[in-house]
Amino acid sequence: MIKRTQRDDRFIQKEELLATLYDCRRRIIGIETRATIGGPLYVRCAAVREAIDGGVEVVTGDRTHFWEKGSTAR
């Protein structure tokens, strides 16, 4: 018999998730700005940044939540 897990998005603290996504996005942008434009690392960093923005959209309803808002975006 399959036992159901106790997983539920309601148990995830949004503030903690947003802080983690913010830190990851900031670090990815730092790497992206040093990578060769159009190179494989640059392209993958852009893909990761887009995925982070997608996660932010799920939490806040606004994928631009961190854009050009500096450290006060959290």
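Val43 is partly exposed, with a relative accessible area of 41%. The value comes from a predicted model. Val43 lies in helix H2. Its C-alpha atom is separated from that of Arg25 by 14 Å. Along the chain, these two residues are 18 residues apart.

Helix H2 covers residues 40–60, a run of 21 residues. At 1.5 Å a residue, a helix of this length should span 30 Å. The end C-alpha atoms of H2 are 30 Å apart, which agrees with that expectation.

The burial pattern of H2 was examined next. Cys45, Ala46, Arg49, Ile52, Asp53, Val56 and Val59 are buried. Viewed down the helix axis, these buried residues fall within an arc of 135°, so they line one face of H2. Pro40, Arg44, Ala51 and Val58 sit on the other side of the helix and are exposed. The buried set includes two charged residues by name, Arg49 and Asp53. Helix H1, residues 14–32, is included in what covers the buried residues of H2. After H2 comes Gly61. The phi of Gly61 is positive, near 85°.

Contacts of Glu32 give a residue-level view of H1 against H2. Glu32 is placed in helix H1. Its relative accessibility is 7%; buried means under 20%, so Glu32 counts as buried. Neighbours within four places in sequence were left aside in listing its contacts. Glu32 is then in contact with Tyr42, Cys45, Ala46 and Arg49. Of these partners, Cys45, Ala46 and Arg49 also appear among the buried residues of H2.

Pockets were considered last. The largest pocket has a volume of about 170 Å³. Its lining consists of Asp9, Arg10, Ile12, Lys14, Leu17, Val58 and Val59. Both helices take part: H1 and H2 each supply at least two residues of this lining. By class, the lining holds 4 nonpolar and 3 charged residues, with no polar ones. Two lining residues, Val58 and Val59, are also described above for H2. Val58 is exposed, whereas Val59 is buried.

Technical notes. Residues numbered from 1 in each chain as written. Predicted model: local features only at pLDDT ≥ 70, side-chain atom pairs only at ≥ 80, totals over all residues. Heavy atoms only, no water. Helix = DSSP H or I, 4+ residues; strand = E, 2+ residues; numbered from the N terminus. Expected span 1.5 Å × (residues − 1). Buried < 20%, exposed > 50% of the residue type's maximum accessible area, 1.4 Å probe, protein only. Arc of directions from axis to C-beta. Contact = heavy atoms within 4.5 Å. 1 Å grid on protein atoms, 1.4 Å probe; cavity = no way out; pocket = protein on both sides within 12 Å on 5 of 7 lines; lining within 4 Å. Points joined across faces, edges and corners; volume = space filled by probe spheres on them.
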